[in-house]
Amino acid sequence: MRIGVLTSGGDCPGLNAVIRSVVHRAVVDHGDEVIGFHDGWRGLLECDYRKLDLDAVNGILARGGTILGSSRVQPAHLRDGVERARGHVADLGLDAIIPIGGEGTLKAANLLSQGGLPIVGVPKTIDNDIASTDVTFGFDTAVGVATEALDRLKTTAESHQRVMVVEVMGRHTGWIALHSGMAAGAHAIVVPERPFDIERLTEIVGERFSAGKRFAIVVVAEGAKPALGSSMAVEAGGTDMYGHERFAGIGNRLAVELEDRLGKEARPVILGHVQRGGTPTAYDRVLATRFGWHAVEAAHRGEFGMLTALRGTDIVMVPLADAVQTLKTVPAERYDEAETVL
Ligand code: F6P
């Protein structure tokens, strides 16, 4: 069998572990040939690739990022994208393509699959918002980074009697905010799923100081917004070159707002891409490795148009078409468990 693999969209700790696993299972166990496309879909659309053998994946299990490179280029952005991809798959004699990616990548994978290409998808995102899988690799690493930052920020906040407003990633969902906030014992967690009430948030933080506490930690997901009709105005940030929403800097805005309303010093901390960089946790390496292994097996069974997914402790295959329907948002009851405010 000849398999093409690519990593597309925002990078994520564990991508290299999937690539390594695909190569090990395919080349060593099945005697397949594997090629890796450079920079996601761009590599497939421009026929830019290299052969992946055991030497090529040696030592990459614990490495962050992706040895193949990534980009946000999508086949649907080009008029002849699907046709071009189909042509290259035929020219290269590929029997299967394994795209590893998040929401946008899986939508593109579904489009190509419906266009007749032999696709087995692997979900990835630090945001953990792919509906068909219980967890995506990268999430555990990101939560670990954010939690460590929150723990560290507590001591400096306490020394200066400050409010720390820590902005974490989470374009549409608040999983990283929820988990890191719970793990670090944050005093307020603000997520996109529940537009926040600035008056109530101010009250909660203010009550802490009135009770004699010396600091407060607020975790806010980058995609969080104030409730409609709120007295806190946030200007929209517009969209980037791929049509993605640019964030207005909710962490900065909230810190200013809380400082002015409370008369307490507040500092914003934007964790940004540090949450995506560096070595994956053991959990993410294992999950990524299992996804890679199962993707190769699915390809050998001819199960195309499918996606690897974690359900409980098992890896199962789910239809790509189902996986791209909705995002997995934080349910209200999970928020209640955090014993804090949304
Ligand atoms: O989708 C994962 C994610 O990390 C989001 O949380 C974040 O908004 C986005 O990627 C940032 O992407 P970029 O690398 O394009 O800035």
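## Exercises on a predicted model

Let's begin with a loop: Thr326 sits between α10 (320–323) and α11 (332–337). The model used here is predicted.

**Exercise 1.** Work out whether Thr326 is buried or exposed, then see how far its C-alpha atom is from that of Ala131.

*Solution.* Start by counting: Thr326 has 11 C-beta neighbours inside 10 Å. The cut-off for exposed is 12 or fewer, so Thr326 counts as exposed. Next, turn to Ala131: 195 residues separate it from Thr326 along the chain, yet their C-alpha atoms are 6.3 Å apart.

**Exercise 2.** Place Glu103 in the fold and classify its exposure.

*Solution.* Glu103 belongs to helix α4 (residues 103–114). It has 19 C-beta neighbours inside 10 Å; a buried residue needs 20 or more, so Glu103 counts as partly exposed. Beyond neighbours within four places in sequence, Glu103 contacts Ile130 and Leu327. In its unreviewed UniProt entry, Glu103 is listed under "binding site".

**Exercise 3.** Check whether the length of helix α1 (residues 15–30) agrees with 1.5 Å a residue, and find what its buried residues pack against.

*Solution.* The helix has 16 residues, and the expected span uses one less than that number, so α1 should span 22 Å. Its end C-alpha atoms lie 21 Å apart, which agrees. The buried residues of α1 include Leu15, Val18, Ile19 and Val22. Packing partners of the buried residues are β1 (2–7), β2 (33–37), β3 (49–52), β4 (96–101), β5 (120–123) and α9 (282–301). After α1 comes Gly31, with a positive phi near 70°.

Technical notes:
Residues numbered from 1 in each chain as written. Predicted model: local features only at pLDDT ≥ 70, side-chain atom pairs only at ≥ 80, totals over all residues. UniProt positions renumbered as here; feature names shortened; annotations may be inferred. Helix = DSSP H or I, 4+ residues; strand = E, 2+ residues; numbered from the N terminus. Contact = placed C-beta atoms within 7 Å.
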